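Please open the model in your viewer and keep the sequence panel beside it. The tour proceeds by selections, each followed by a description of what is found there.

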Amino acid sequence: MKQNVIITCALTGAGDTTGKSEHVPVTPEQIARDAVEAANAGAAVVHIHVRDLETGQGSRDVALYREVVARVRESGVDVVLNLTAGMGGDLVIDQEDPLKPVDGTDLVNALDRLPHVEELLPEICTLDCGSLNFGEGSQLYVSTPDMLRAGAKRIQELGVKPELEIFDTGNLWFATKMIDEGLLDPPPLFQLCMGIPYGAPANPQLLQTMVNMLPPDAQWASFAVGRDQLPWVAHSALLGGHVRVGLEDNLYLAKGVKATNAQLVERAVRIVEDLGGAIATPDQARELLNLKKVRA
């Protein structure tokens, strides 16, 4: 186990969860409030999506990101900001006419996924390292090698640390290729994402295999969705990784018991400490990940 384990709290995501739990934050005020509460509970990093105020669905609106980030920065609470850059990769096709996108499609190029990162300069942003069938039906997440190279280059120019979202072993293979091409500064930061249909299943043996594929200087974390989220804290920490919890990936503390983001962080702290680990502070996280100082 690492000496200092970084806990990331993924606050809201973009999934259709707002009707399933009243605790899922939607407005910038709610998302920022949850970020502060998660930080106070022990999260060194908060991973931020924003949601459309009318529909509650995921959004790429820079103004919403601007308000969330301003509220967190003005709160006086120290926490590392990790903004998603994965929005804009959704393609839903017509099964009978695959060249015709249908409702739900939000597909833009690599640079058009980054305007909020360019303006707000978080310490971390995500980079989803491959395409996949996203659940049942006809929805795809699109992130091609050319898109990834363009996105990685721009993120590198901005001085932001990309968190490499790895949904399967091929994603990991390509991420290491970008390291070889000089598009990612050391140490690379990997997030091994498990149990998302239809990427890598939440299998501890597969997690070990993926860890074995990582570059020797990598910093990495892993999470699993749903009921596997909290057990996965132990799996990841025991293999030497950092951890992620939060309402983006799981809504419950136990069967039938809905969670808040802060409660999930508190449980992760307890699991790590019960296993003999220590919880990284935001400054320790910055040192481990070689992050540049956030813009004042």
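Select L121 and inspect its surroundings: L121 is partly exposed, with a relative accessible area of 25%. (Buried means under 20% relative accessible area, exposed over 50%, and partly exposed in between, with a 1.4 Å probe and protein chains only as cover.) L121 lies in the loop between α3 (115-120) and β9. Its phi is near 45 degrees, a positive value in a residue other than glycine. Helices (H or I, at least four residues) and strands (E, at least two) are DSSP runs, numbered from the N terminus.

This is a predicted model, in which local features need pLDDT of at least 70 and side-chain atom pairs count only at pLDDT 80 or more, while totals for chains, interfaces and linings use all residues. Residues are numbered from 1 along each chain as its sequence is written, and side-chain values use heavy atoms, with hydrogens and water left out.

**Strand β12 and its partners**

Select residues 161-166, which form strand β12. Six of the six residues in β12 are buried. Which residues point one way from β12, and which the other? K161, E163 and E165 point one way, whereas P162, L164 and I166 point the other way. In a regular strand the side chains alternate between the two faces of the sheet.

Add strand β9 (residues 124-128): β9 and β12 run parallel and are joined by five bridges. (Two strands pair if DSSP finds at least two bridges between them.) Within this pair, L127 stands opposite L164. Next add strand β13 (residues 189-194), which pairs with β12 in the parallel sense over four bridges. Here E163 of β12 stands opposite L189 of β13. Follow the chain from β12 through helix α5 (residues 169-180) to β13: this β-α-β crossover is right-handed. (A crossover is right-handed if, with the strands pointing away from the viewer, the path from the first strand over the helix to the second runs clockwise.)

**Helix α5 and the loops that follow**

Select T176 in helix α5. T176 counts as buried because its relative accessible area is 19%. The T176 side chain reaches the backbone oxygen of W173 at 2.6 Å. Then select E181 and K177, whose side chains meet in a salt bridge at 3.8 Å, N to O. (A salt bridge is a side-chain nitrogen of Lys or Arg within 4 Å of a carboxyl oxygen of Asp or Glu.) E181 is partly exposed at 37% relative accessibility, and K177 is partly exposed at 41%.

Move on to P187, in the loop between α5 and β13. The peptide bond from P186 to P187 is cis, with omega near -10 degrees. Past β13, select Y198, in the loop between β13 and α6 (204-212). A cis peptide bond joins P197 and Y198, with omega about -5 degrees.

**The salt bridges of R286**

The model contains 17 salt bridges. Side chains of opposite charge can pair when their charged atoms come close. Select R286 and D78: the closest N and O atoms of this salt bridge are 2.8 Å apart. The pair links distant parts of the chain, with R286 in helix α9 (residues 282-289) and D78 in the loop between α2 (62-74) and β6 (80-83), 208 residues apart. Is R286 buried or exposed? R286 counts as buried, at 15% relative accessibility, whereas D78 is partly exposed at 39%.

Now add D283, which also forms a salt bridge with R286, the closest N and O atoms being 2.8 Å apart. R286 and D283 are separated by about one helical turn because they are three residues apart in helix α9. Salt bridges that share partners join D78, E123, D283 and R286 into one network. Continue to N290, in the segment after α9. The phi of N290 is near 55 degrees, a positive value in a residue other than glycine.

**The open sheet**

Finally, display the four strands that form an open sheet in the order β8-β7-β11-β10, with antiparallel pairing. The edge strands are β8 (106-107) and β10 (132-133), each pairing on one side only. Strand β11 (residues 139-141) pairs with β10 over two bridges in the antiparallel sense. To end the tour, select N133 and its bridge partner L140 in β11.

Note on methods: A polar contact is a pair of N or O atoms within 3.5 Å; within protein, one must be able to donate a hydrogen and the other to accept it, and residues adjacent in sequence count only if both atoms are side-chain atoms.
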